[in-house]
Amino acid sequence: MEIDAIIVFLDAQVESSQKMIRIVGLSATLPNYVDVARFLGVSLHKGLFFFDGRFRPVPLAQTFIGNGYSNVCAESGLLLDVL
């Protein structure tokens with residue numbers, strides 16, 4: 001189930017039951033947490049909690065791996081040859 005479908009479902013549950021819920025989202029690598037909070041309808045000043053790298057017990061490293069192909073057709077042909 002997609003995140004937007006889950007949110008729509010939860011919003012309907014809140015409206016029908018008149019009981020508030022709390023959504024907790026955790027990610028070690030989410031750079032657009034403000035956009036996600038807005039999408040979820042979270043108050044940026046009251047309901048959004050963000051912990052940067054100073055709170056992380058283990059350093060986070062990013063690695064980008066590419067295949068060197070800029071042409072998707074060439075890449076697809078290579079994959080077909082391998083398969």
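**Entry 1. Terms and overall layout**

I began with a definition: helices are DSSP runs of at least four residues, numbered from the N terminus. I noted that the model is a predicted one. I then counted the elements and recorded 3 helices and 0 strands in the protein chain. Reading from the N terminus on, I wrote their order as α-α-α.

**Entry 2. Surface of the chain**

I looked up how much of the protein chain is covered. Of its 83 residues, 4% count as buried. The chain exposes about 8,000 Å². I added that carbon and sulfur atoms supply 60% of this exposed area.

**Entry 3. Gln18**

I located Gln18 in the loop between helix H1 (3-17) and H2. I asked whether Gln18 counts as buried or exposed. The relative accessibility of Gln18 is 66%, so this residue counts as exposed, because the term applies over 50%.

I next examined the backbone and found that Gln18 has a positive phi of about 60°. I marked this value, as Gln18 is not a glycine. Most residues other than glycine have a negative phi.

**Entry 4. Phe49 and its patch**

I searched the surface for nonpolar groups. Which residues form a nonpolar patch there? I recorded Phe49, Phe51 and Phe55, which together have about 430 Å² of accessible area.

I followed one of these residues, Phe49, to the loop between helix H2 (33-40) and helix H3 (72-82). Phe49 has 64% relative accessibility and therefore counts as exposed, by the cut-off of over 50% that I applied to Gln18.

Technical notes
Residues are numbered from 1 along each chain as its sequence is written. This is a predicted model: local features need pLDDT of at least 70, side-chain atom pairs count only at pLDDT 80 or more; totals for chains, interfaces and linings use all residues. Side-chain values use heavy atoms; hydrogens and water are left out. Patches are made of residues with over 30% relative accessible area and no salt bridge: like charges are joined within 9 Å, nonpolar side chains (Val, Leu, Ile, Met, Phe, Trp, Tyr) within 5 Å. Accessible areas come from the Shrake-Rupley method with a 1.4 Å probe; for residues, only the protein chains shown count as cover. A salt bridge is a side-chain nitrogen of Lys or Arg within 4 Å of a carboxyl oxygen of Asp or Glu. Helices (H or I, at least four residues) and strands (E, at least two) are DSSP runs, numbered from the N terminus. Buried means under 20% relative accessible area, exposed over 50%, partly exposed in between (1.4 Å probe, protein chains only).
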